[in-house]
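Trainee: Got a minute? I'd like to go through this structure with you.
Mentor: Sure, let's put it up.
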Amino acid sequence: MESRSLPVPEGLAGERADAALAKLLGFSRSFAAEVLEAGGVRLDGILIGKSDRLRADSWLEVEWAPKEAPRVVPQDVTGFRIVHDDDDLVVIDKPVGVVAHPAPGWSGPTVLGALAAAGYRISTSGAAERQGIVHRLDVGTSGLMVVAKSESAYTELKRLFHDREVDKIYHAVVQGHPDPLAGTIDAPIGRHSSNDWKFAIRTDGKHAVTHYETIEAMRAASLLEIHLETGRTHQIRVHMAAQRHPCVGDSLYGADKALSARLGLTRQWLHAHRLGFRHPATGEYVEFESPYPEDLQHALDVLRDDV
């Protein structure tokens with residue numbers, strides 16, 4: 001066990017305990033919440049929870065068991081597909097239910113684990129558990145990802161994503177019909193104030209811009225093509241839900257559960273459909289495309305037949 005005992009800094013007075021602990025000790029927000037929920041934090045000798053607020057001129061005592069660092073475990077993944085492979089990078093089609101890299105609390109399949117099982121050697125740049133990863137998709141979002149194999153490709157791909165020089169095109173089916181049928185949503189996104197798993201539009205959030213265009217309007221929903229200018233966590237899901245057009249199947253952000261059940265969806269209808277960028281070695285523009293997986297295609301077919 002490790003422990004720290006210290007006064008509450010003036011700048012953290014009034015902050016939620018989980019957010020303050022993360023800032024104070026360098027924990028992730030989720031790990032800070034785990035420590036608090038395990039009874040590892042006392043304020044002036046009294047146990048506190050993750051949503052309690054810190055007080056100025058108080059004494060904080062924290063005790064926790066360090067977590068073992070996540071590691072890549074080779075694992076065959078059903079539906080995992082290699083779209084492109086060369087000396088510098090590999091483009092993959094990620095199935096739903098797979099995360100990009102190992103993380104605390106996740107025991108399921110990962111992109112890096114699937115690549116390791118297939119015999120791929122990835123760039124050693126980045127933290128040990130996420131080497132080669134230059135961007136991510138949510139566990140419930142399927143579609144295209146690029147992973148760096150060479151060190152030079154890792155550096156250049158990171159720059160391309162940072163400088164917004166990558167074309168990230170998603171297809172989404174949302175409830176209802178956006179008005180206007182095409183437009184831009186420019187609204188900052190931050191962590192939800194009362195739900196650790198959600199994000200929301202917040203004035204103190206990070207800059208986020210989403211461009212959308214309606215491809216097809218059906219009776220109960222619309223198929224959209226979405227271009228991300230920024231890449232915030234849950235960006236499309238948050239922005240569309242804020243317009244009262246949540247992604248079909250997205251129960252976390254208010255989708256109609258009865259409609260989701262009728263379509264056989266257990267996740268949001270959201271797919272990373274196209275990915276384009278200048279190849280880090282050749283400078284040539286390359287673009288890749290992924291077809292809809294079976295569950296999303298089935299839901300779309302049902303919606304199209306719904307007259």
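Mentor: One thing up front: this is a predicted model.
Trainee: Noted. In what order do the strands of the open 4-stranded sheet come?
Mentor: The order is β1-β4-β2-β3. The pairing is antiparallel.
Trainee: Which strands stand at the edges?
Mentor: β1 (2-7) and β3 (46-47) do. Each has a single partner strand, so one side of each has no neighbour in the sheet.
Trainee: And what holds paired strands together in general?
Mentor: Backbone hydrogen bonds.
Trainee: How many bridges do β2 and β4 have between them?
Mentor: There are 3 bridges, linking residues 41-43 of β2 with residues 59-64 of β4. Look at Leu43: its bridge partner in β4 is Leu60.
Trainee: Which strands does helix α1 lie across?
Mentor: Helix α1, residues 17-25, lies across β1, β2 and β4. Its angle to β4 is about 80°.
Trainee: What about α2?
Mentor: Helix α2 covers residues 29-37 and lies across β2 and β4. It runs at about 95° to β4.
Trainee: New topic. Is strand β8 mostly buried or exposed?
Mentor: Buried. Of the 9 residues in β8 (167-175), 8 are buried, so the strand is largely enclosed by the rest of the structure.
Trainee: Which strands does β8 pair with?
Mentor: One is β14, residues 270-278, antiparallel over 6 bridges. Another is β13, residues 221-228, also antiparallel, with 7 bridges.
Trainee: Where should I look to see those pairings?
Mentor: For β14, find His171, which stands opposite His271. For β13, find Ile169, which stands opposite His227.
Trainee: Now the nonpolar core. How many residues has the largest one?
Mentor: It has 28 residues. Those with the most contacts inside it are Val111, Leu115, Val147, Tyr170, Ile226 and Ile236.
Trainee: Which elements supply them?
Mentor: β6, α3, β7, β8, β13, α5 and β14 each give at least two residues. The largest share, 4 residues, comes from α3.
Trainee: Tyr170 caught my eye. What does it touch further along the sequence?
Mentor: Leaving out residues up to four places away, its contacts include Leu137, Thr141, Leu224, Ile226, Ile236 and Leu270. His271 and His273 are also among them.
Trainee: What lies apart from the largest core?
Mentor: Another core, of 20 residues. Among them are Leu12, Val41, Ile48 and Leu60. You met Leu60 earlier, as the bridge partner of Leu43.
Trainee: Why would such residues sit together?
Mentor: In soluble globular proteins, nonpolar side chains tend to be buried together.

Notes
Residues are numbered from 1 along each chain as its sequence is written. This is a predicted model: local features need pLDDT of at least 70, side-chain atom pairs count only at pLDDT 80 or more; totals for chains, interfaces and linings use all residues. Side-chain values use heavy atoms; hydrogens and water are left out. Two strands pair if DSSP finds at least two bridges between them. Contact means heavy atoms within 4.5 Å. Axes are lines fitted to C-alpha atoms, for helices over the stretch in contact, and angles run from 0 to 180 degrees between N-to-C directions. Buried means under 20% relative accessible area, exposed over 50%, partly exposed in between (1.4 Å probe, protein chains only). A nonpolar core is a set of buried Ala, Val, Leu, Ile, Met, Phe, Trp, Tyr and Cys residues joined through side-chain atoms within 4.5 Å.
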